[in-house]
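Q: I am new to this structure and would like a close look at a single part of it. Please take one loop residue and set it in its surroundings.

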Amino acid sequence: MAGRTNGGAEHPPGDYRGAVMIDGKPDIEDVLQAEGIETRRGWGLCPFHEDKHPSFKINRDRQTFHCFSCGAHGDAIDFIQKLHNLDFKNALKYLGMTPGRPPMVDPKQQRKRELLADFEQWRRDKYNDACDFYNDIWHVLRACKDMEEISQHAPMIHQLSQIENEILVLSEGNHAEQYELYSAGI
Ligand SMILES: [Zn+2]
């Protein structure tokens, strides 16, 4: 069985393209079959040592192989690496796979999320401030004894409608209206 190392010549990479993909990997059974390793109920002759009795076991759930005689173990990629003496990159190439990349964080999306988070924080703070201010004004006005005293707070009263409007925009307004307040630096 040692002579199997050139077995890949009969099975160009394209052979695996129809294989069932699990996590981007071809099914280990398909890979073994394409390499001429016959298995019955998951057991076969190990290609990595002189195996007279099947000691090579496939775990279909885990998509791994294990030889109980020589200890060879791994997944479809390990199998191809070992069988054809290939490095990882070339084993992927052989299997018609492209190397997996970790998901990239899009810097533009990231920046957008940060800006939206900042904006939302501003909106909440501003809304709370406006409500507090509104209540403070009413507290002062209610404490007034007469109209004369109230009229002394004219600038404050004037602010009331502005604050009411701010509260309305900050709580129910759309982003454009809120952004208008935001960019006005209020
Ligand atoms: Zn073995």
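A: Arg41 is found in the loop between β3 (39-40) and β4 (43-44), where strands (E, at least two residues) and helices (H or I, at least four residues) are DSSP runs, numbered from the N terminus. This is a predicted model, in which local features need pLDDT of at least 70 and side-chain atom pairs count only at pLDDT 80 or more, while totals for chains, interfaces and linings use all residues. Residues are numbered from 1 along each chain as its sequence is written.

The backbone of Arg41 has a phi near 50°, a positive value in a residue other than glycine. Most residues other than glycine have a negative phi. Arg41 counts as exposed because it has 8 C-beta neighbours inside 10 Å; a residue is exposed if 12 or fewer other C-beta atoms lie within 10 Å of its own, buried if 20 or more do, and partly exposed in between, with C-beta atoms placed from the backbone.

A second loop residue can be set beside it. Gln63, in the loop between β5 (56-59) and β6 (64-67), also has a positive phi, near 60°, but Gln63 counts as partly exposed because 18 C-beta neighbours lie inside 10 Å.

As for the setting of these loops, the protein has seven helices and seven strands, and from the N terminus on its elements run β-β-α-β-β-β-β-β-α-α-α-α-α-α. Of its 186 residues, 14% count as buried.
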